[in-house]
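Colleague: Hello! I am new to reading protein models. Could you walk me through this one?

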Amino acid sequence: MTGATPATKFQPRIFSGIQPSGGLTLGNYLGALKRFVEKQDEGVETVYCLVDMHAITIWQEPRKLRHATREMAAGFIAAGIDPEKSILFNQSQVSAHAELAWIFNCVARVGWMNRMTQFKDKAGKDKEAASLGLYAYPALMAADILAYHATHVPVGEDQRQHLELTRDIAIKFNHDYETDFFPVTEPLIEGAAARVMSLRDGTRKMSKSDPSDQSRINLTDDADAIAQKIRKARTDPEPLPETLDGLADRAEARNLVNIYAALANVAPEQVLAEFAGQGFGVFKPKLADLAVSSLSPISARMQDLMQDVTEIDRLLGRGADRAEAIATPIMERCYEIVGMVRSRR
Ligand code: AQP
């Protein structure tokens with residue numbers, strides 16, 4: 001069979017990435033990073049990438065990009081990614097990502113890209129002025145994943161459409177070249193915090209590039225900043241309801257309940273069982289305490305790790321060597337399938 005090669009034919013391997021387009025947010029932590037750590041500790045092979053080439057699809061000041069990449073590596077390690085257990089590296093150090101992205105640019109169709117809502121959101125009103133890289137972003141993301149034959153990808157809800165496109169690219173490649181070379185990767189979108197929303201507007205996702213710092217909690221925020229942002233988070237005057245149905249039209253309230261649940265590792269229903277009937281005057285200080293006690297150790301460890309950037313660079317380099325060892329033979333075989341002459345081996 002060609003085309004829809006089920007991921008089960010392949011050795012289980014998890015891949016995911018985060019763009020160093022700013023500092024890590026609570027959204028990145030709960031929607032992605034915290035789950036990356038859980039997956040690592042389940043014993044599956046895990047490959048985690050700081051996708052610096054994705055970051056430059058929107059202008060990045062070089063000095064800040066370098067800093068954000070190292071700080072993000074520190075954030076991953078501080079949150080529990082063990083660079084011995086997981087492969088941790090930055091994307092630009094492994095050329096397979098860019099090489100496979102070009103092949104996928106030739107597999108993906110313009111019509112598919114035109115449907116991507118993230119491009120529409122990020123390009124804004126002036127699409128003509130957006131970079132070509134921003135438009136082609138999903139093909140590079142497919143390359144990130146498929147250069148490792150990854151079978152599963154933990155992401156937040158906002159990446160669902162890109163994951164579907166990755167599957168479409170794998171299916172079309174396999175079909176066009178009459179092969180079963182690429183797995184059809186399964187997204188892992190789970191938990192109460194698959195979509196953490198802005199603290200200022202419950203209809204927008206929390207984002208590291210939101211111009212308002214009050215909209216997000218950064219992993220580098222100190223205890224006072226975290227407590228102040230939660231205190232000022234937009235809510236409504238109603239007490240918390242007994243069931244989730246009661247949060248249906250209360251986006252901001254639902255967001256804070258979901259954040260509490262994800263930080264406490266409980267279901268949102270359990271949070272309501274504890275706080276039903278209470279107003280935000282009671283709930284917000286409890287949430288702030290929980291957020292501070294969960295995030296402060298991570299932020300302190302990040303600061304420690306950032307004292308030695310040479311060591312961070314060494315770890316990223318070592319991770320890149322390990323990543324390359326997986327991706328290089330996959331790329332070679334891919335070139336062969338496509339019909340490229342590779343005579344220097
Ligand atoms: N608000 C969120 N809730 C849950 N998950 C989230 N993720 C991001 N924001 C939230 C998840 O974090 C991972 C990495 O995302 P990314 O950095 O590659 O890009 P993004 O989704 O565009 O994240 P940001 O913070 O909004 O970055 P900018 O502002 O640069 O665009 C993904 O798994 C994502 O789902």
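Colleague: Happy to begin with a loop. Glu178 sits between which helix and which strand?
Modeller: Please keep in mind that this is a predicted model. Glu178 is found in the loop that joins two elements. Those elements are helix H8 (160–176) and strand E5 (186–188).

Colleague: Is Glu178 buried or exposed?
Modeller: Residues over 50% relative accessible area count as exposed. Glu178 reaches 67% relative accessibility, so it falls in that class: exposed.

Colleague: What is the phi of Glu178, and what should I notice about its sign?
Modeller: Most residues other than glycine have a negative phi. Glu178 is not a glycine, yet its phi is positive. The value is near 50°.

Colleague: Which residue in the loop between helix H10 and helix H11 should I look at next?
Modeller: Helix H10 covers 251–264 and helix H11 covers 268–275, and the loop between them holds Asn265. Asn265 is not a glycine, but its phi is positive, at about 60°. With a relative accessible area of 58%, it is exposed. The residue to look at is Asn265.

Colleague: Let us move to helix H1. Is Asn28 buried or exposed?
Modeller: Asn28 belongs to helix H1, which spans residues 26–41. The cut-off for buried is under 20% relative accessible area. Asn28 has 17% relative accessibility, so the word for it is buried.

Colleague: Which residues does Asn28 contact, leaving aside its neighbours within four places in sequence?
Modeller: Setting those neighbours aside, we can list the partners of Asn28. They are Ile18, Gly23, Leu33 and Lys208.

Colleague: And which residues does Gly31 touch, not counting residues up to four places away in sequence?
Modeller: Gly31 also lies in helix H1, and at 4% relative accessibility it counts as buried. Without residues up to four places away, Gly31 touches Leu26, Val155, Gly156 and Ala193.

Colleague: How many aromatic pairs are there?
Modeller: Rings of Phe, Tyr and Trp pair if their centres lie within 6.5 Å. By this rule the total is 14 aromatic pairs.

Colleague: Which parts does the pair of Phe36 and Phe76 tie together?
Modeller: The two rings form a tilted pair, 5.9 Å centre to centre with 45° between the planes. Both Phe36 and Phe76 are buried. The two residues are 40 apart in sequence, so their pairing links separate parts of the chain: helix H1, home of Phe36, and helix H3 (residues 62–79), home of Phe76.

Colleague: What is the angle between the planes of Phe173 and Tyr177?
Modeller: Phe173 is buried, at 0% relative accessible area, while Tyr177 is partly exposed, at 32%. Their rings form a tilted pair, 4.7 Å centre to centre, and the angle between the planes is 40°.

Colleague: Which residues do ring pairs link into a cluster with Phe173 and Tyr177?
Modeller: Phe173 and Tyr177 are both members of this cluster. The other names in it are Phe104, Phe181 and Phe182.

Colleague: Finally, how large an area is buried between domain 1 and domain 2?
Modeller: The chain is divided into domain 1 (13–188 + 308–338) and domain 2 (213–304), with 29 Å between their C-alpha centres. Where they meet, 14 residues of domain 1 contact 14 residues of domain 2, and the count of salt bridges between them is zero. Carbon and sulfur atoms give 74% of the buried area, which is about 1,200 Å².

Technical notes: Residues numbered from 1 in each chain as written. Predicted model: local features only at pLDDT ≥ 70, side-chain atom pairs only at ≥ 80, totals over all residues. Heavy atoms only, no water. Helix = DSSP H or I, 4+ residues; strand = E, 2+ residues; numbered from the N terminus. Buried < 20%, exposed > 50% of the residue type's maximum accessible area, 1.4 Å probe, protein only. Contact = heavy atoms within 4.5 Å. Phe/Tyr/Trp six-rings, centres within 6.5 Å; stacked < 30°, edge-to-face > 60°. Domains from an automatic or database assignment. Buried area = accessible area lost by both parts, 1.4 Å probe. Salt bridge = Lys/Arg side-chain N within 4 Å of Asp/Glu carboxyl O.
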